[in-house]
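Got your viewer open? Let's take a walk through this one, selecting as we go.

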Amino acid sequence: MSPLQSLIATGTKLWLDSIDPDLVKRNRARGATGATSNPIIVSDIIKSGHFDEPLGRLLRERLSDHDIAWRIDDMLVSQAQQVFLPSWESTKGDDGYVSFELDPLLEDPELNMPQEERTKKYIALGKQWSSGQKNRMIKVPATSAGLAALEELTAAGVTLNVTLVFSERQYIAARDAIWRGAQRRTSLDKFKSVYSIFVSRLDVYTERQVPQLSPKAQGMVGIVNAKRIWRMNQEFWADKKLPLKQEMIFASTGTKKPEDPPWKYVEAFAGADILTNPPATNDAIEASGRTLTRQVEQMPPPDVVAEIDRLVDWQKLEDTLMEEGIKKFADPQKALLKLIVDKRKHLDGASSAAKSAKAKQPTSG
């Protein structure tokens, strides 16, 4: 049994933090049953040049840069959905999803869009991009505007992945809104929701903002927080008797410190619901030769947990990480749009050069 197979054997669903077609294929063979997308992933695929042909077709349609970005995203997510569709079918909708992220620019501080307008756009876009899709999850951030959209989207039958969750407060607000929406449905047979709790970013934060944590507590905050929220989620849904599981996704599971083993977070959450690992993390775990065993219920020693609760200001942590998260949300989308502008210039230039060269060729007489 390979290391990743041992992770899956603990009961964890392995999803991939990428929709790159080659990486999806490789990780599907390792046992991955789902994936997620974001603008950085789409940009990297475009930069690779592997998408130049379909990109060229879209450019020739004279679509706007914005429309091209979303057509590419839709195309890549759809391709990944096809790969994971058998898992969705075999589990009757409990697995096999690919997440589609809504427009990150809705949260761009520079646009300063009123919350009510942002919420309306999340609802409209969520309905648009989920329409007719079997195994697509719509990613909505746990911002004030995103949280306000969740009940209506759920009531409309949209399958949701609530992202940018850093705190118990965000999780509870998202879960309760989604449950209210679910109860407005005529049937709960296809009701599925997931909540993406970010992990490593919390430890990056405490390294910087809470340096007084002892060495045994520093680097454990993300694990303590995520395991607590996982337990809360388990307890909330236990008596609902739903056909499909309402699950936590452990996101941001790649380590940020070179001295940390790449399996640090993955190993800590083995046995939990869903792990969306970066491709490099999966590669490192697979090469490690380790056998992963169930650890999700195991908390650090009580004195470590007590120290974390004493020294970490959870509200300040949430506020800071949300501010950073929104910037990390919007900036990659801006970079993706700029990349499309650059590709347009490059392909237009290549096309013009080819026409010019052809015009200069001597005609046969």
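Which residue in β3 is the bridge partner of alanine 35? Select valine 98 together with alanine 35, and you have the pair. One thing to keep in mind on the way: this is a predicted model.

**Stop 1: the barrel.** Switch to cartoon and color the strands. You should find a closed barrel of eight strands with parallel pairing, in the order β1-β2-β3-β4-β5-β6-β7-β8. From one strand to the next, the twist averages 30°. As background, strands of a sheet pair through backbone hydrogen bonds, either parallel or antiparallel.

**Stop 2: β3 and the strands it pairs with.** Select residues 98–101, which make up strand β3. Now add β2, residues 34–36: this strand and β3 are parallel and share two bridges. The bridge between alanine 35 and valine 98 is where we started. Next, add β4, residues 136–141, which pairs with β3 over four bridges, again in the parallel sense. Two spots to click here: serine 99 stands opposite methionine 137 of β4, and glutamate 101 has lysine 139 of β4 as its bridge partner.

**Stop 3: the side chains of β3.** Show them as sticks. In a regular strand, side chains alternate between the two faces of the sheet. Are the residues on the two faces of β3 buried or exposed? Val98 and Phe100 on one side are buried, and so are Ser99 and Glu101 on the other, leaving both faces covered.

**Stop 4: over the helix.** Select residues 115–130, helix α6. Follow the chain from β3 through α6 to β4, and you have traced a right-handed β-α-β unit.

**Stop 5: the cavity.** Rolling a probe the size of a water molecule over the atoms shows where empty space is left. How many cavities of 30 Å³ or more does a search of the whole structure find? The search turns up one. The largest cavity has a volume of about 70 Å³. To see its lining, select Asn38, Pro39, Val42, Ala69, Trp70, Asp73, Glu101, Pro104, Gln333 and Leu336. Glu101, which you met in β3, is in that list.

Color by element next: α3 (39–47), α5 (65–90) and α14 (314–360) each give two or more residues to this lining. Helix α5 gives the most, with three. Color by residue type instead, and the lining splits into six nonpolar, two polar and two charged residues.

Methods: Residues numbered from 1 in each chain as written. Predicted model: local features only at pLDDT ≥ 70, side-chain atom pairs only at ≥ 80, totals over all residues. Heavy atoms only, no water. Buried < 20%, exposed > 50% of the residue type's maximum accessible area, 1.4 Å probe, protein only. Pairing = 2+ DSSP bridges. Right-handed = clockwise from strand over helix to strand, strands pointing away. 1 Å grid on protein atoms, 1.4 Å probe; cavity = no way out; pocket = protein on both sides within 12 Å on 5 of 7 lines; lining within 4 Å. Points joined across faces, edges and corners; volume = space filled by probe spheres on them. Nonpolar A, V, L, I, M, F, W, Y, C, P; charged D, E, K, R; others polar. Axes fitted to C-alpha atoms, helices over the stretch in contact; angles between N-to-C directions.
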